[in-house]
Each structure stands twice: as C-alpha cells, then as structure tokens.
Amino acid sequence: MKTLIILLFFTLASGAIAAETPELTKENLKKKAVLINELQNKILMKGSTVEDIDKLFFHYTDDFIYIHEVYGGTYTREHLYNNSIKYLKEGEYQMTGARYKIISIIAGYKAVSLERQQTYQGVTSNHLTVFEFEGDQISRIIEYWK
C-alpha cells in the first residue's frame with residue numbers, strides 16, 4: 001500500500017511538472033518569430049511542399065487562432081492548415097521571393113510585435129503583426145493592417 005501511495009505521488013508530481021511550460025526569453029521569442037516568418041514565406045514559394053506546411057504548423061498550438069479583422073476575422077488552426085494544403089495543391093503558391101521581410105521586432109511577455117514589410121504587385125507596405133506564445137509555440141497571430 002505504501003509503495004502504491006509513493007508511486008501515485010511521483011506520477012502526479014511528474015505530470016504537474018510536465019504540464020508547466022517554460023516561457024521563452026525575449027531573445028528566444030525573437031528567434032522564434034524570425035523562424036516562423038521564414039516558414040510562412042517558404043510555404044508561399046514556388047516548389048513548396050506539404051512538408052513545408054507541416055513544419056510551420058508544428059510551431060502552432062492545437063488551439064491556435066489567426067485574427068485579421070480586415071480580411072475575414074478569425075481562423076482556426078485546422079481551417080488555415082486545410083486552406084494551405086488546398087492552395088498548394090491548386091498551384092497558388094508561386095512566389096519567387098519572400099513575401100515578408102522583418103523590419104523590427106519588439107519582444108514582450110509571451111509575445112512579440114513585428115513590423116513586416118511586404119511588396120505586392122509593385123507596392124511596398126509595412127504591416128503590424130503580433131505573435132502570442134504558449135511556451136515555445138504560437139497560440140495566436142493577430143494582424144493589424146489593411
């Protein structure tokens with residue numbers, strides 16, 4: 001009986017420790033934001049693959065959401081993943097250069113704000129994007145531009 005109680009204690013304690021997700025440092029948040037930007041750019045490129053999409057979505061939490069009020073509102077991880085696969089298979093991803101270039105990053109507590117520059121159809125514009133993190137995964141991306 002005593003052994004069972006000790007075993008139960010260690011099982012519960014190890015589960016509690018595993019459930020705690022360490023926060024990223026400001027420097028690691030910045031590095032992760034750069035990586036996600038690179039992965040987002042990669043899937044839009046000519047010759048991208050389902051594996052490229054999977055690499056990006058690996059960095060999103062299961063309950064990840066994308067919010068862009070100007071362009072459609074809120075999207076779930078599943079919706080974005082399915083659309084990414086659909087557009088890839090339809091040949092929509094044909095870019096030959098990166099869509100987004102990071103201009104600046106401000107790291108805060110579990111979040112980063114990015115100023116990203118995009119050139120689309122000859123017009124260059126800067127956009128504000130916020131990545132929110134749970135541990136080392138992104139739980140939400142919010143776009144603040146139109």
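Glu-51 and Lys-55 sit four residues apart in helix H3 (residues 50-57), which places about one helical turn between them. Their side chains meet in a salt bridge, with N to O at 3.6 Å. This is a predicted model, and the structure holds four salt bridges. The points below start with that helix pair and then move on to the rest of the chain.

**The helix H3 pair**

- Glu-51 is exposed, with a relative accessible area of 52%.
- Its partner Lys-55 counts as partly exposed, at 42% relative accessibility.

**The chain as a whole**

- The chain has four helices and six strands.
- Read from the N terminus, the elements follow the order α-α-α-β-β-α-β-β-β-β.
- Of the 146 residues in the chain, 32% count as buried.
- The accessible surface of the chain comes to about 9,500 Å², and carbon and sulfur atoms account for 57% of that surface.
- Taking contacts between residues at least 6 apart in sequence, 49% join residues at least 24 apart.

**How confident the prediction is**

- The mean pLDDT of the chain is 89, and 86% of its residues reach 70 or more.
- Residues 3-18 are a stretch to read with this in mind: pLDDT stays under 50 there, and the model has zero contacts for these residues beyond four places in sequence.

**A buried salt bridge between strands**

- Arg-116 and Glu-143 meet through their side chains in a salt bridge, with N to O at 3.5 Å.
- Arg-116 belongs to strand E4 (residues 111-120) and Glu-143 to strand E6 (residues 137-144), so this pair ties together parts of the chain that are 27 residues apart in sequence.
- Arg-116 counts as buried, at 1% relative accessibility.
- Glu-143 also counts as buried, with a relative accessibility of 7%.

**A partly exposed salt bridge**

- Glu-132 forms a salt bridge with Arg-140, and the closest N and O atoms of the pair are 2.8 Å apart.
- Glu-132 is partly exposed, with 21% relative accessible area.
- Arg-140 is partly exposed too, with a relative accessible area of 30%.

**Lys-32, a buried charge without a salt bridge**

- Lys-32 lies in helix H2, which covers residues 26-43.
- Although Lys-32 is buried, it has no salt bridge.
- The nearest side chain of opposite charge is that of Asp-136, 4.4 Å away from Lys-32. A salt bridge needs the nitrogen and the carboxyl oxygen within 4 Å, so this pair does not qualify.
- What Lys-32 does have is a polar contact, side chain to side chain, with His-59 at 2.9 Å.
- Setting aside residues up to four places away in sequence, Lys-32 touches Leu-24, His-59, Phe-133 and Asp-136.

**Gln-118 in strand E4**

- Gln-118 is found in strand E4, the strand that also holds Arg-116.
- At 7% relative accessibility, Gln-118 counts as buried.
- The side chain of Gln-118 makes a polar contact with the side chain of Arg-99, at 3.4 Å.
- Beyond its neighbours within four places in sequence, Gln-118 is in contact with Arg-99, Tyr-100, Val-123, Thr-124, Ser-125, His-127 and Trp-145.

**Positive phi in the loops on either side of E4**

- Most residues other than glycine have a negative phi. Two residues to look at with that in mind are Lys-110 and Gln-121.
- Lys-110 has a phi near 60°, which is a positive value in a residue other than glycine.
- Lys-110 lies in the loop between strand E3 (100-107) and E4, and counts as partly exposed at 35% relative accessibility.
- Gln-121 has a phi near 50°, again a positive value in a residue other than glycine.
- Gln-121 lies in the loop between E4 and strand E5 (123-134), and is exposed, with a relative accessible area of 69%.

Note on methods:
Residues numbered from 1 in each chain as written. Predicted model: local features only at pLDDT ≥ 70, side-chain atom pairs only at ≥ 80, totals over all residues. Heavy atoms only, no water. Helix = DSSP H or I, 4+ residues; strand = E, 2+ residues; numbered from the N terminus. Buried < 20%, exposed > 50% of the residue type's maximum accessible area, 1.4 Å probe, protein only. Contact = heavy atoms within 4.5 Å. Areas by Shrake-Rupley, 256 points an atom, 1.4 Å probe, with all protein chains shown as cover. Lys, Arg positive; Asp, Glu negative; His and termini not counted. Polar contact = N/O pair within 3.5 Å; in protein donor to acceptor, adjacent residues only side chain to side chain. pLDDT = per-residue confidence, 0-100.
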